[in-house]
Amino acid sequence: MAASDGQGAREQAEVEERNRWLLALRAHIIAADLPVVALASQSANADEVWGGIGHGLRARTLRRRVKDWSKASRYIVLATGVPWPAALAIFLDFLQDLVESAAPPSAIEATQFALHFMERAGGVP
């Protein structure tokens, strides 16, 4: 019985952590005014639209993608004044800055994954 309580607590903690990172992801998407924002506002059931932004990823993966995107978004805001790159060149400039600052290849790859994830979550064509 105690083991099942522990298992239930672990699952509940995962759900709470996942929801925390989904809210952070949603905040980034809204700030960037990605296409899913308009879709959710026009939908009769916006919660269903927002419910799919995590694409079933675990809390740990969502956390990593959101944190990696937060770094890129800060750079983009400083460079352009908006949280989403208006052109691919802006994002490539960020990657170039990572390379020049001797960031490990894993950091560059994680940033690319974060952009791809944000595009998927935000409904960017």
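Which residues are buried in H6? In this predicted model, local features need pLDDT of at least 70 and side-chain atom pairs count only at pLDDT 80 or more, while totals for chains, interfaces and linings use all residues. Residues are numbered from 1 along each chain as its sequence is written, and side-chain values use heavy atoms, with hydrogens and water left out.

The buried set in H6 (under 20% relative accessible area, 1.4 Å probe, protein chains only) is Ile 108, Ala 110, Thr 111, Ala 114, Leu 115, Phe 117, Met 118, Ala 121 and Gly 122. Helices here are DSSP runs of H or I, at least four residues, numbered from the N terminus. Right after H6 comes Gly 123, with a positive phi near 75 degrees.

Helix H5 (residues 88-100) runs alongside helix H6 (residues 105-122), their axes coming within 10 Å and crossing at roughly 160 degrees; axes are lines fitted to C-alpha atoms over the stretch in contact, and angles run from 0 to 180 degrees between N-to-C directions. The pair is therefore roughly antiparallel (over 145 degrees). On the H5 side, the contact (heavy atoms within 4.5 Å) uses Phe 91, Phe 94, Leu 95, Leu 98 and Val 99, and on the H6 side Ala 107, Ile 108, Thr 111, Gln 112 and Leu 115.

Then there's helix H4 (residues 59-80), which packs on H6 at about 100 degrees with the axes 8 Å apart. That makes H4 roughly perpendicular to H6 (65 to 115 degrees). From H4, Leu 62, Arg 65, Asp 68, Trp 69 and Ala 72 meet H6 residues including Phe 113, Phe 117 and Met 118.

Conventions
Helices (H or I, at least four residues) and strands (E, at least two) are DSSP runs, numbered from the N terminus. Angles under 35 degrees count as roughly parallel, over 145 as roughly antiparallel, 65 to 115 as roughly perpendicular and the rest as oblique. Buried means under 20% relative accessible area, exposed over 50%, partly exposed in between (1.4 Å probe, protein chains only).
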